[in-house]
Amino acid sequence: KKFVNWSIVLKFTVLLPVGVYIGLQIFQNIDANNIKNLIGMFILLALIFQNLKFINKFFLPDYAYYFVGFFTGILNILVGVIAPLLAVIVKQSITEKKSIVGTLGYFGLIGNLLKIIGFSLIGFSFYEYIDTFLMIIPATLVGSRVGQLLLNKISNKIFTIIFQIILIALAIRLLFI
C-alpha cells in the first residue's frame, strides 16, 4: 500500500458507488458480449495510440479519475473485466511500476468489494460458488506475493513490455474467447 497513488485513488473512489448503482440498474437489459468486445477493441486501440510519440506526451489529470471511477463502477458490473482498461488509463498518469501495480491493486480491491455488495443486494447467491472462492483466495495471495517478488527484479522498461503483452493478450481474450 505504500506505493498507492492516494491522490488518484481518492478521486477514483468518490463516484465509483454511483457507477455501481447505475451498472446494476442496466445489468439485466444489456448484452455483455457487446461491451466486452468494445473494451477489447478499446484496449488494443489505446495501446497503439499509447505507443505513438505524441500520445506519450499526453498526461491524464488527477481530476479525470472522478469520471474513471464512475465509469469503472458501471463497467465493472456489466463486464467484470475492467482491469485491462484501467491499466491503460493509469499508465497515462503513473510511470513507476510499483505505483502502477499498487494503484491498480487498490482499484481492484474497492471495485470488487462494491461489486460484491451490489450483486448481493440484487439477490445473487455467492454461497453457491463457495468452493471456487475457497480456491481463489489462496491463489490470489500466492500470485500477489510472486508478482511482488518478480516486480522487484525487473526494470521499468521490461515491466512496460511485459505489461503491454499482457494487456494485448487480455484484449484478445475479451474479443475472441
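**Note on the predicted all-helical model**

1. Among contacts in the protein chain between residues at least 6 apart in sequence, 86% join residues at least 24 apart. The coordinates under review are those of a predicted model.

2. As to secondary structure, the protein chain contains nine helices and zero strands. Read from the N terminus, the order of elements is therefore α-α-α-α-α-α-α-α-α. The radius of gyration is 16 Å, close to the 16 Å given by the globule rule for 177 residues, so the chain is as compact as a globular protein of that length.

3. On overall extent and surface, the C-alpha atoms occupy a box of roughly 45 × 35 × 35 Å along the principal axes. Buried residues make up 35% of the 177 in the protein chain. The area exposed by the chain is about 11000 Å², and 71% of this is supplied by carbon and sulfur atoms.

4. On charge, the protein chain carries 14 positive and 5 negative charges. The mean positions of these two sets lie 17 Å apart.

5. Helix α6 deserves separate mention. This helix spans residues 83-90, and seven of its eight residues are buried, so α6 is largely enclosed by the rest of the structure. The buried residues are P84, L85, L86, A87, V88, I89 and V90.

6. A further buried position is found in helix α7, which covers residues 97-121 and includes G111. The relative accessible area of G111 is 2%, and since buried means under 20%, G111 falls in that class. Leaving aside residues up to four places away in sequence, G111 touches L16 and N76. The C-alpha atom of G111 is separated by 27 Å from that of I48, a residue 63 positions away along the chain.

7. Aromatic rings form the next topic. A search of the whole structure yields ten aromatic pairs. In one of them, F70 with F71, the ring centres are 5.0 Å apart and the planes stand at 75 degrees, so the pair is edge-to-face; the cut-off for that class is an angle over 60 degrees. The two partners may also be described by their exposure. F70 counts as buried at 18% relative accessibility, whereas F71, with a relative accessible area of 47%, is partly exposed.

8. Ring pairs also build a cluster, whose members are F27, F119, F124, F126, Y129 and F133. Of these, F119 has a number within the span of helix α7, residues 97-121.

Methods. Residues are numbered from 1 along each chain as its sequence is written. This is a predicted model: local features need pLDDT of at least 70, side-chain atom pairs count only at pLDDT 80 or more; totals for chains, interfaces and linings use all residues. Side-chain values use heavy atoms; hydrogens and water are left out. Helices (H or I, at least four residues) and strands (E, at least two) are DSSP runs, numbered from the N terminus. The radius of gyration is taken over C-alpha atoms; the globule rule is 2.2 Å times the number of residues to the power 0.38. Buried means under 20% relative accessible area, exposed over 50%, partly exposed in between (1.4 Å probe, protein chains only). Contact means heavy atoms within 4.5 Å. Accessible areas come from the Shrake-Rupley method with a 1.4 Å probe; for residues, only the protein chains shown count as cover. Lys and Arg count as positive and Asp and Glu as negative; His and the chain ends are not counted. The place of a charge is taken as NZ of Lys, CZ of Arg, CG of Asp or CD of Glu. Rings of Phe, Tyr and Trp (its six-membered ring) pair if their centres lie within 6.5 Å; planes under 30 degrees apart count as stacked, over 60 as edge-to-face and the rest as tilted.
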